[in-house]
Amino acid sequence: LIIKFQWEIMPCLRLQKRLAAEVLKCGKKRIYMDPNESGEIALANSRKNIRKLFKDGLIMKRMVTVHSRSRHLRMLAQKRKGRHTGRGKRKGTKNARMPVKLLWMRRLRILRRLLKRYREAGKVDKHLYHHFYNAAKGNQFKNKFVLVEAIHKMKNEQKREKELKEQQEARRAKNAAAKERKLKKKELIAESKQMPTFLLTSRQSANLNKSKKK
């Protein structure tokens, strides 16, 4: 039994592959050449011939290899649940993974945004806004809820102080009116003592009698 092998020498298509990559504007790896038509492809030595072969379908442009992200997205979903985040999976210090400065910036922006919203809505005046702006800058509020509580507390204090001030002014006005009445009464008594009784009017004599009884 004699077996004969027939070896075919494949033509070198390096030039054609390079020209095809330039014409089709992609990498050499994405160029596909029909192995059955290698002889005809080998004769193409210009870009014009390469374009003709591409039009005829002897040279083709492969699709871009898909880089699947499904496994990565699955891992991210698990990490959101808190898995795969132990000590062995961490690289970098605590501050490198989540900087303190970034947390501070986020917190301060939230507080300043709230203060701005309150000022625009008329819930705080410019003086209160300035006070709490500086207090937030001085790290006095841990979060938004603490700031809201502090605003309400100060507003209630201011309201109470205003009410007390109004009550004090009303009391002062009342005392001043009573003092004025007493002075008038003293003046009336002094006048009545100087004037004869028959010259006094009925009203003046009645007031005089009341003051004497008192």
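Which side chain does Lys52 meet in a salt bridge? The partner is Asp56, with N and O 3.4 Å apart. Keep in mind that this is a predicted model. A search of the whole structure turns up 3 salt bridges, along with 2 aromatic pairs and a positive surface patch that includes Arg109 and Lys155.

**Salt bridge within α3**

- Lys52 and Asp56 both sit in helix α3, 4 residues apart, or about one turn of the helix.
- Lys52 counts as exposed because its relative accessible area is 53%, and the cut-off for exposed is over 50%.
- Asp56 comes in at 48% relative accessibility, so this residue is classed as partly exposed.

**The network around Glu22**

- Salt bridges with shared partners tie Arg18, Glu22 and Arg47 into one network.
- As a general point, side chains of opposite charge can pair when their charged atoms come close.
- Glu22 bridges to Arg18, where the closest N and O atoms are 3.1 Å apart.
- Glu22 and Arg18 are separated by about one helical turn, because they are 4 residues apart in helix α1.
- Glu22 also bridges to Arg47, and here the closest N and O atoms are 2.4 Å apart.
- That second pair links distant parts of the chain: Glu22 belongs to helix α1 and Arg47 to helix α3 (residues 47–56), with their positions 25 residues apart in sequence.
- As for exposure, Glu22 is partly exposed at 37% relative accessibility, Arg18 is partly exposed at 36%, and Arg47 is partly exposed at 40%.

**Aromatic pairs**

- Tyr129 and Tyr133 make a tilted pair, 5.8 Å centre to centre with 40° between the planes.
- These two tyrosines are 4 residues apart in helix α7, so about one helical turn separates Tyr129 from Tyr133.
- Tyr129 is buried, with a relative accessible area of 15%, whereas Tyr133 is partly exposed at 25%.
- Phe132 and Phe141 make a tilted pair too, at 6.0 Å centre to centre and 40° between the planes.
- Both Phe132 and Phe141 are buried.
- Why "tilted" for a plane angle of 40°? Planes under 30 degrees apart would count as stacked and those over 60 as edge-to-face, so the rest, in between, get the tilted label.

**Positive surface patch**

- The patch is made up of Arg109, Arg113, Arg117, Lys123, Lys144 and Lys155.
- Helices α6 (100–121) and α8 (144–194) each supply at least two of the patch residues.
- The biggest contributor is α6, which gives 3 residues.
- Lys123 is in the loop between α6 and α7 (126–137).
- With 43% relative accessibility, Lys123 counts as partly exposed, and that fits the patch criterion of over 30% relative accessible area.

**Gly27 and its loop**

- Gly27 lies in the loop between α1 (14–24) and β1 (31–33).
- A relative accessible area of 37% makes Gly27 partly exposed.
- Gly27 and Arg62 are 35 residues apart in sequence, and their C-alpha atoms are 9.9 Å apart in space.

Methods. Residues are numbered from 1 along each chain as its sequence is written. This is a predicted model: local features need pLDDT of at least 70, side-chain atom pairs count only at pLDDT 80 or more; totals for chains, interfaces and linings use all residues. Side-chain values use heavy atoms; hydrogens and water are left out. Patches are made of residues with over 30% relative accessible area and no salt bridge: like charges are joined within 9 Å, nonpolar side chains (Val, Leu, Ile, Met, Phe, Trp, Tyr) within 5 Å. Accessible areas come from the Shrake-Rupley method with a 1.4 Å probe; for residues, only the protein chains shown count as cover. A salt bridge is a side-chain nitrogen of Lys or Arg within 4 Å of a carboxyl oxygen of Asp or Glu. Lys and Arg count as positive and Asp and Glu as negative; His and the chain ends are not counted. The place of a charge is taken as NZ of Lys, CZ of Arg, CG of Asp or CD of Glu. Buried means under 20% relative accessible area, exposed over 50%, partly exposed in between (1.4 Å probe, protein chains only). Rings of Phe, Tyr and Trp (its six-membered ring) pair if their centres lie within 6.5 Å; planes under 30 degrees apart count as stacked, over 60 as edge-to-face and the rest as tilted.
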